[in-house]
Amino acid sequence: MIEILSIVLREGIRDREVPRGRRVEECQMLGFSFTTAQEEFRTGLREIALRELLPRYQEADVNLIYPKEQIQRVIRYSNEFWSDREDEWNLVSVGITAEEVARGDINSVLPALGKPYHDQFLADFSPAQQQRWLPTLMSGEQMIGLGITEPAAGSDMGRLEARAERRGDRWVLNGVKNSVSFLNAAVFYMFVRTDPDTRGWQGISAFLIPRDTPGMSFEPIDDLGCRAIPRGVVRLENVELGDSDRVGEPGTAFTRISRFFDVNRAVIGLKCIGAALQSLDETIAWTKKRVVFGGPVAGHQSVSFKFAEAATRLELGRLGCYRVLWMRDQGVACQHEGAMVKWWAPKTAAETIHSCLLLHGHYGFSKQLPLQQRLRDVIGWQIGDGSEEVMKLIIARELLGR
Ligand SMILES: Cc1cc2nc3c(=O)[nH]c(=O)nc-3n(C[C@H](O)[C@H](O)[C@H](O)COP(=O)(O)OP(=O)(O)OC[C@H]3O[C@@H](n4cnc5c(N)ncnc54)[C@H](O)[C@@H]3O)c2cc1C
């Protein structure tokens, strides 16, 4: 994707200094094509997604089965594929994984994204923490849960109330996290306030808490979608931890995880778009075959225009998502671009899948087809990792100034 054209990236972006001292104007625009290796990777993944993941997608939803085997299948393929060309295993390649795997099973995406993604998510792990957790997380053998949302702190994350108090050389944690995906995780990456005198985003630290730590309890939530990935409440009651369980410097956790969110929002966008593109392909095939009033449903312009509009919207979202990933690969700040694709892509995907469902008539309404499940799953990602309104707040802040 990063084949360079001599088009300089300048549209709408002025004077933004990036962490490594580069300005966005100094980076060159996408070549609008993947590299040969990335194309090969995409082709292989598409085949795995459609042949191996899609047939198991609905069973996992109905029977609440965590798709561990499917996730590990993708991980094995990716590790093998990139083993002798690691320099091309960047975030754009991670985006390809998200998009293609979601065509088969959107719920198998996040833990299967590989090293470049984990390098962003777990950037602040100490060498000892990496040694302990990374091998099993990267192989898909174990999962990690992220605990930020609380009963009184969702969009307004700065109202976080869970606390860690210093008692001698130990930390004692108390609080409730009420929306933790991967409730089946082996370890939880929990955000709590360590400085009681602070408010908002200051004074928040992160800890790694193994599942079997005394004082942890779990309560599943019965969700509308994403049912193969258990989500629920985690209660912390006098959970004792040491300094070695803390991630990064005290008080700075929120700023650091925000950097990960910028990238994660593009990944979420691409997985929703992958699910929508697959729905579109299936619906085009169906409406070309299904005959009404003497001709195929797709022969009506009011139908074919729906496809044209959906394809256009999805392609715009898709390019926006890959651009965000490319920007981070280049070391360029991408906060409001991440927010843009996070509200646009899941919404467009949900609207497309809804329309595809209707174009299948009563067959679309039945649970035999995966469309209803894709719609339920994608709606979850219109909320998870930040709602549309919160994304618009981020963009507006950039446009209007703080
Ligand atoms: C599938 C899924 C997975 C999730 N996984 C995790 C996880 O692993 N870990 C975790 O910590 N959390 C997770 N979450 C929680 C998610 O991040 C929160 O639900 C989200 O941040 C919104 O918070 P809230 O639900 O409390 O809604 P609220 O903050 O109560 O918002 C309610 C409504 O008000 C709107 N709103 C809020 N502020 C404004 C404003 N200023 N202007 C206009 N409208 C506004 C919102 O857009 C929303 O529509 C997950 C959620 C879902 C659905």
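**Exercise 1. The setting of C226**

Task: In this predicted model, decide whether C226 counts as buried or exposed, and state where C226 lies.

Solution.
- Step 1. Take the relative accessibility of C226, which is 13%.
- Step 2. Apply the cut-off: buried means under 20% relative accessible area. C226 therefore counts as buried.
- Step 3. Place the residue. C226 lies in the loop between strand 6 (216-220) and strand 7 (231-241).
- Step 4. Check the backbone. Phi of C226 is near 50°, a positive value in a residue other than glycine.

**Exercise 2. A second positive phi**

Task: Find where N238 is placed and give the value that its phi is near.

Solution.
- Step 1. N238 sits in strand 7.
- Step 2. Its phi is near 50°, and N238 is not a glycine.
- Step 3. N238 has a relative accessible area of 47%, so it is partly exposed.

**Exercise 3. Cysteines and disulfides**

Task: State how many disulfides a search of the whole structure finds, then check C272 and C356 one by one.

Solution.
- Step 1. The search of the whole structure gives zero disulfides.
- Step 2. Look at C272. The nearest cysteine sulfur belongs to C226 and is 8.4 Å away. A disulfide needs two cysteine sulfur atoms within 2.5 Å. C272 is in no disulfide.
- Step 3. Look at C356. Its nearest cysteine sulfur is that of C272, at 14 Å. C356 is in no disulfide either.
- Step 4. Add the burial. C272 has a relative accessible area of 0% and is buried. C356, at 2%, is buried as well.

**Exercise 4. Salt bridges across the chain**

Task: Find which residue pairs with E141 in a salt bridge, and why the pair ties together parts of the chain. Then treat D281 and D223 in the same way, as far as the model allows.

Solution.
- Step 1. Start with the total: the whole structure holds 30 salt bridges.
- Step 2. Recall the principle. Side chains of opposite charge can pair when their charged atoms come close.
- Step 3. E141 pairs with K68, and the closest N and O atoms are 2.9 Å apart. E141 lies in the loop between helix 5 (127-138) and strand 1 (144-147), while K68 is in helix 2 (residues 68-82), so the pair ties together parts that are 73 residues apart in sequence.
- Step 4. Check exposure. E141 is partly exposed at 40% relative accessible area. K68 is partly exposed at 28%.
- Step 5. D281 and R103 meet in a salt bridge of 2.9 Å, N to O. D281 is in helix 6 (residues 253-289) and R103 in helix 3 (residues 91-105), 178 residues apart.
- Step 6. D281 is partly exposed at 39%, whereas R103 counts as buried at 6%.
- Step 7. Widen the view. D281 and R103 belong to a network of salt bridges that also links E39, R42, R46, E99, E100, E315 and R318.
- Step 8. D223 forms a salt bridge with R231, with the closest N and O atoms 2.7 Å apart. D223 is buried at 16%, and R231 is partly exposed at 24%.

**Exercise 5. The ligand shell**

Task: Describe the shell around the ligand: how many residues surround the ligand, which elements each supply at least two of them, and which atoms a ligand nitrogen approaches.

Solution.
- Step 1. The ligand is surrounded by 16 residues. The closest are L146, T149, S155, S387 and E389.
- Step 2. Sort them by class. The shell has four nonpolar, nine polar and three charged residues.
- Step 3. Trace the elements. Strand 1, strand 3 (170-181), helix 10 (371-383) and helix 11 (388-400) each give at least two shell residues.
- Step 4. List the nitrogen distances. A ligand nitrogen is 2.7 Å from a polar backbone atom of L146. A ligand nitrogen is 2.7 Å from a side-chain N or O atom of T149. For a side-chain N or O atom of S181, the distance to a ligand nitrogen is 2.9 Å.
- Step 5. Work out the cover. On its own, the ligand has 980 Å² of accessible area, and the protein covers 62% of it.

**Exercise 6. Two loop residues**

Task: Find where D385 and N107 are placed, and name the partner of N107 in a polar contact.

Solution.
- Step 1. D385 is in the loop between helix 10 and helix 11. At 17% relative accessibility, D385 counts as buried.
- Step 2. D385 and F261 are 124 residues apart in sequence, yet 7.4 Å apart in space, C-alpha to C-alpha.
- Step 3. N107 is in the loop between helix 3 and helix 4 (115-121). N107 is buried, at 5%.
- Step 4. The partner is D377: a polar contact of 3.2 Å joins the two side chains.

Methods:
Residues are numbered from 1 along each chain as its sequence is written. This is a predicted model: local features need pLDDT of at least 70, side-chain atom pairs count only at pLDDT 80 or more; totals for chains, interfaces and linings use all residues. Side-chain values use heavy atoms; hydrogens and water are left out. Buried means under 20% relative accessible area, exposed over 50%, partly exposed in between (1.4 Å probe, protein chains only). A salt bridge is a side-chain nitrogen of Lys or Arg within 4 Å of a carboxyl oxygen of Asp or Glu. Helices (H or I, at least four residues) and strands (E, at least two) are DSSP runs, numbered from the N terminus. A residue is near a molecule or strand if one of its heavy atoms lies within 4 Å of it. A polar contact is a pair of N or O atoms within 3.5 Å; within protein, one must be able to donate a hydrogen and the other to accept it, and residues adjacent in sequence count only if both atoms are side-chain atoms. Accessible areas come from the Shrake-Rupley method with a 1.4 Å probe; for residues, only the protein chains shown count as cover. Ala, Val, Leu, Ile, Met, Phe, Trp, Tyr, Cys and Pro count as nonpolar, Asp, Glu, Lys and Arg as charged, and the others, Gly among them, as polar.
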